[in-house]
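Visitor: I would like a close look at one part of this model. Please take a single sheet and describe how it is put together and what packs on it.

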Amino acid sequence: MLEPLNVTEVGLCKVQTAENLNPGKASGPDEIPSGLLQTLAEELTPVLTGLICQSLNTGQLPRVWKDAWITRVLKKGALSDPANYRPVSLTCIVCILTEHVLCTHIRSHLDKHGILTPGNHGFRSHHSYESHLLLTTHDLLKIRDQGCTVDVGILDFSKAFDTVPHRCLINKLRIYGIHGVVSSWIEAFLSCHQQLVLCYGVKSEYSTVTSGVPQGTVLGPLLFLLHINNMPSVVDPGTTVRLFADDTLIYRVIHGIEDQVALEGDLVRLEKWAKSWSMVFNVSKCYMMHISHLSSSEQYMYQLCDVVLSSVTSEKYLGVYLNHDLKWSHHIDQVAAKASRKLGFIRRNLRGAPVDCKKLAYVTLFRSGMEYASIIWDPYTKRDSDKLDKTQQCAARWSYPPIRGKSVSQLYFSNYSWSR
């Protein structure tokens, strides 16, 4: 059972002045800027504490707290294709403060009772995409080193955050011990929710939202985790399911045809689970990968939603290319190629720029991409190491002025070189 919630002025003031409240965050429908709330935190805290306590105790929200302005964030692909954008909700900053209070309270309850499945590493403290990938690759490498075969399913949901049914979600919250005023407040937060689209300063008409959790809010990711929390429990004990939010991996050691049939049954159970909870698999983006030490091992034709899943030898997952031989040369080739394109872009656009500006572009645009998830795929062959070093040194020669008697590598890569 969820413990009673106590909102204090000291705690709320910490939330207002901490990094949780970004002063650069855009204001929501009430048009109260976050910078104002952060600057006047001490003066406004008593009033805000009373307002938030009244909202939580009554389970009611001001009408404007239920409104959202939807802006877009490009995921990938062409700028002209609306499907390539992710919708992000801009809500009232005071409502965001209330969500922070609730989110902290609910997370402490979930952690205390171990409710969240350990297989999900998304939107959780002390978890990340790196911990998710480390555990997954460790399992796969261990299985392969033992001389066994493993079949891996890379699954994707279609508009996962937008299809969550509100009534089913509230029922799940109560099953997990989230009752009383907290459950009532969340139900009121989701019901009668309205949103409009904001694009280049032009607003559409408001429309009512009947399902889904708002993306860009504080509570949204946590509510989604609770909605899919029981998904790994529907598969066979010999099958492993790993989640990062809605990105799903399912894999099983294959000793014979019976294990392949069992994995096929797990896919059927996941399909039934998805239908029961109003989730839909995007079958066109679901794949199977066969990992084996035998080049001629037999592959099984797996189906999901009456569609035979494509078998791939390499697939991008959480920004990292997983290969059927569990080697990283293909991923490193992609990293080096993308880094070269970024370097060409910044060289064309920052020609004649000051050195400090070049250094900043190098660190933020070039270096960050080169180091993404590097603890997973850190190269161990000379071929891969040399390829990355060559790309980095080209960027360094452009970013840093030459100094007599010292190479670029000696000056700037003594602590970062990929070479062993």
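Guide: What follows describes one sheet, its strands and the helices against it, and then one residue elsewhere in the chain. The model is a predicted one.

The sheet is open and has five strands, in the order 7-8-3-9-12, with mixed pairing. Strand 7 (239–244) and strand 12 (310–312) are the edge strands, each paired on one side only. On average, neighbouring strands are turned by 25° against each other, direction ignored. In general, strands of a sheet pair through backbone hydrogen bonds, either parallel or antiparallel.

At one edge, strand 7 and strand 8 (residues 247–254) run antiparallel and are joined by six bridges. Among the residues involved, Phe244 has Asp247 of strand 8 as its bridge partner.

Two helices can be described against this sheet. Helix 5 (residues 129–145) packs on it and touches strand 3 (149–155), strand 7, strand 8 and strand 9 (287–291). The direction of helix 5 makes about 155° with that of strand 7. Helix 9 (residues 257–276) lies across strand 3, strand 7, strand 8 and strand 9, and runs at about 155° to strand 8.

The residue is Asp384, which lies in helix 13 (residues 382–399). Asp384 counts as buried because its relative accessible area is 3%, and the cut-off for buried is under 20%. Its side chain makes polar contacts with the side chains of Thr381, at 3.1 Å, and Arg383, at 2.5 Å. Beyond its neighbours within four places in sequence, Asp384 is in contact with Ser329, Ile332 and Pro379.

Terms used. Residues are numbered from 1 along each chain as its sequence is written. This is a predicted model: local features need pLDDT of at least 70, side-chain atom pairs count only at pLDDT 80 or more; totals for chains, interfaces and linings use all residues. Side-chain values use heavy atoms; hydrogens and water are left out. Helices (H or I, at least four residues) and strands (E, at least two) are DSSP runs, numbered from the N terminus. Buried means under 20% relative accessible area, exposed over 50%, partly exposed in between (1.4 Å probe, protein chains only). A polar contact is a pair of N or O atoms within 3.5 Å; within protein, one must be able to donate a hydrogen and the other to accept it, and residues adjacent in sequence count only if both atoms are side-chain atoms. Contact means heavy atoms within 4.5 Å. Two strands pair if DSSP finds at least two bridges between them. Axes are lines fitted to C-alpha atoms, for helices over the stretch in contact, and angles run from 0 to 180 degrees between N-to-C directions.
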